[in-house]
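Some labels on a model need a reason behind them. Here are a few, taken one at a time.

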Amino acid sequence: MEALKRETIFEEQPAEGKTGVRAVPRGEIAIRGLQKVYETKKSRFEALRNIDLNIGTNEFVTIVGPSGCGKSTLLRIVAGLDELTAGSVALGGEEVIGPGAERGMVFQGYTLFPWLTVRENIEYGPKLKGIPTLERRALSNHFLKVIKLEPFAGAYPKQLSGGMKQRVAIARALANRPKVLLMDEPFGALDAQTKLEMQEMLLEVWEKEKTTVLFITHDIDEAIFLSQRIVVMGAGPGRILKTFEVPLPDKRSPEVRELPEFLALKRELGQLLKH
Amino acid sequence: MSTTSLTKASRKRPNRLQIFKEIGGRPFAMTASFSFVLLLGIWAALSYTEAVDPIFLPTPGEVVVEMVRLLGTSEYWNHIGISVFRVSAGFLLACIIGIPLGIFAGTFKYGEAFVEPPMEFIRYMPAVAFIPLIMVWAGIGEWAKILLIFIGCFFQLALMVADITRRVSHDLLQASFTLGAGRWKAIETVLIPAIQPQLMNTLRLILGWAWTYLVVAELVAVNSGLGYAIMKAQRFLNTDQIFVGIIVIGLLGLISDRIFAFLNRRLFPWA
């Protein structure tokens with residue numbers, strides 16, 4: 001509810017960017033009594049049961065849980081890529097019925113369009129919207145800078161490393177100015193070092209671009225480092241076990257990993273996920 | 001080579017035949033030319049020694065002389081011209097109808113249901129068996145040959161395009177949806193670009209078949225074309241001319257194939 005208030009206050013706030021980029025739209029996700037059942041003639045599998053979740057405007061929420069707990073399914077339902085069996089998902093008060101540009105998504109696998117250059121990938125969404133060339137160019141310039149890949153503007157995805165590809169995927173989603181950014185284990189396939197760099201970069205981007213993020217991971221450390229709030233899910237059927245506020249400031253450096261608050265939360269989450 | 005027993009194992013050259021291992025451009029080219037030379041050598045050995053009756057197997061020298069002579073006549077170039085025309089016409093017609101139909105069948109399940117079962121049925125009917133029917137329908141004019149090449153290519157092409165389309169990464173498609181693409185935009189901006197490199201390879205393959213059907217088409221009731229030239233040579237037991245005809249068709253196929261390969265590299269540097 002608080003989040004709703006925040007949204008109405010900040011809705012029309014213009015951005016004061018120097019790059020000629022428009023104001024970032026704001027949004028709030030409301031998931032109510034969501035259920036997902038896979039049913040065939042012979043079997044019935046309940047993937048998600050009775051999920052209730054609110055995500056506030058510009059909030060960074062992470063869902064953690066063991067594999068098979070339905071966290072990816074939940075995200076895909078919010079994205080509109082999967083259908084729900086019962087309940088509802090709403091974005092800014094409007095019910096979600098299919099995929100749409102206001103819910104940008106970053107997948108675990110590499111989903112850059114291989115026939116488009118890095119710049120063209122970033123401009124894909126804006127181009128669909130009919131944003132004129134010059135404005136599009138300004139957008140892609142801005143985001144190339146944000147992800148620090150300006151020298152690779154003309155490169156094709158196959159020339160990039162895994163981490164670079166995911167950076168472009170994030171930029172591509174953000175350049176479309178979505179109300180929320182949905183991230184499905186985006187760093188799951190990366191090596192440990194790259195993963196840490198990507199987490200820092202993502203926080204920086206979130207700080208700069210101010211957008212709502214719903215992030216899926218099974219990595220507790222990643223969840224605590226990135227998010228303001230953590231939703232823990234359990235399996236069989238997939239459901240929410242508990243929600244944690246992360247007792248850390250929004251501006252974080254890698255050193256927060258050594259803070260006692262961080263470690264305590266890590267221990268608690270670890271205990272919870274053991275079962 | 002004198003080596004101590006200690007380092008012998010490590011100094012031993014690894015076997016050149018490693019599974020899937022890349023070899024350089026030079027070894028590849030040299031092996032390829034060796035293979036040609038070997039083929040030519042066997043042919044030369046069999047023909048010059050007259051191990052095979054010269055009436056059945058001409059010598060490479062005779063074939064080259066005959067080839068130079070034939071390629072010096074305008075009549076032979078007319079044969080080549082009309083054959084190229086027939087292949088191109090039949091192939092293009094198959095592309096114009098087959099590619100969109102294949103994309104349609106590969107994109108929508110209803111399309112698949114509508115297009116594929118009947119096509120799967122027809123594609124195993126030998127195109128050659130259609131010749132009598134084609135002659136009834138289209139007579140023995142140009143259309144008959146074009147139609148036979150078309151039938152030989154069209155069904156396979158449409159089914160292969162459908163298959164390529166179906167195999168486009170669903171993740172890419174979903175990414176486009178989350179970026180705001182609707183159905184038609186997704187077809188235009190994801191499916192069609194995604195299938196292009198493989199489509200070119202398929203076209204290369206199908207074009208090869210088109211040349212095969214051309215010869216079949218020209219064996220029947222024609223008085224022009226390379227197939228006809230081969231048939232005529234057979235009637236007079238001019239085996240050297242048969243060889244020339246086959247080699248010319250092979251070269252034409254090779255040229256068209258190389259053009260496709262070149263276009264593929266130029267048009268799709270991202271693949």
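Q: Where in chain A does A:Pro237 lie?
A: In this predicted model, A:Pro237 sits in the loop between β9 (229-234) and β10 (239-245) of chain A.

Q: What makes the peptide bond from A:Gly236 to A:Pro237 worth a look?
A: That bond is cis, with omega near -10 degrees. Most peptide bonds are trans.

Q: What is noted about phi of A:Asn50?
A: Phi is near 50 degrees there, a positive value in a residue other than glycine. Most residues other than glycine have a negative phi. A:Asn50 belongs to strand β2 (residues 44-55) of chain A.

Q: Why is α4(B) called oblique to α11(B)?
A: Helix α4 (residues 74-107) and helix α11 (residues 239-267), both of chain B, pack at about 45 degrees, with axes 12 Å apart. Angles under 35 degrees count as roughly parallel, and 65 to 115 as roughly perpendicular. The angle fits neither class, so α4(B) is oblique to α11(B). The crossing of α4(B) past α11(B) is right-handed.

Q: Which residues make the contact, and what makes one of them polar?
A: From α4(B) come B:Tyr76, B:Ile80, B:Val84 and B:Phe91; from α11(B) come B:Val244, B:Gly245, B:Val248, B:Leu252 and B:Phe260. The split is 8 nonpolar, 1 polar and no charged. Gly counts as polar, so B:Gly245 is the polar one.

Q: How much area do chain A and chain B bury between them?
A: About 1,800 Å², 71% of it on carbon and sulfur atoms. In chain A, A:Trp115, A:Tyr124 and A:Leu128 lose the most area to chain B, together 34% of what that side buries. Between the chains there are 0 salt bridges.

How values were computed:
Residues are numbered from 1 along each chain as its sequence is written. Chains are lettered from A and ligands numbered from 1 in the order in which they are written. This is a predicted model: local features need pLDDT of at least 70, side-chain atom pairs count only at pLDDT 80 or more; totals for chains, interfaces and linings use all residues. Side-chain values use heavy atoms; hydrogens and water are left out. Axes are lines fitted to C-alpha atoms, for helices over the stretch in contact, and angles run from 0 to 180 degrees between N-to-C directions. Helices (H or I, at least four residues) and strands (E, at least two) are DSSP runs, numbered from the N terminus. Angles under 35 degrees count as roughly parallel, over 145 as roughly antiparallel, 65 to 115 as roughly perpendicular and the rest as oblique. A crossing is left-handed if the near helix is turned anticlockwise from the far one by less than a right angle, and right-handed if clockwise. Contact means heavy atoms within 4.5 Å. Buried area is the accessible area (1.4 Å probe) that two parts lose on being put together, summed over both. A salt bridge is a side-chain nitrogen of Lys or Arg within 4 Å of a carboxyl oxygen of Asp or Glu.
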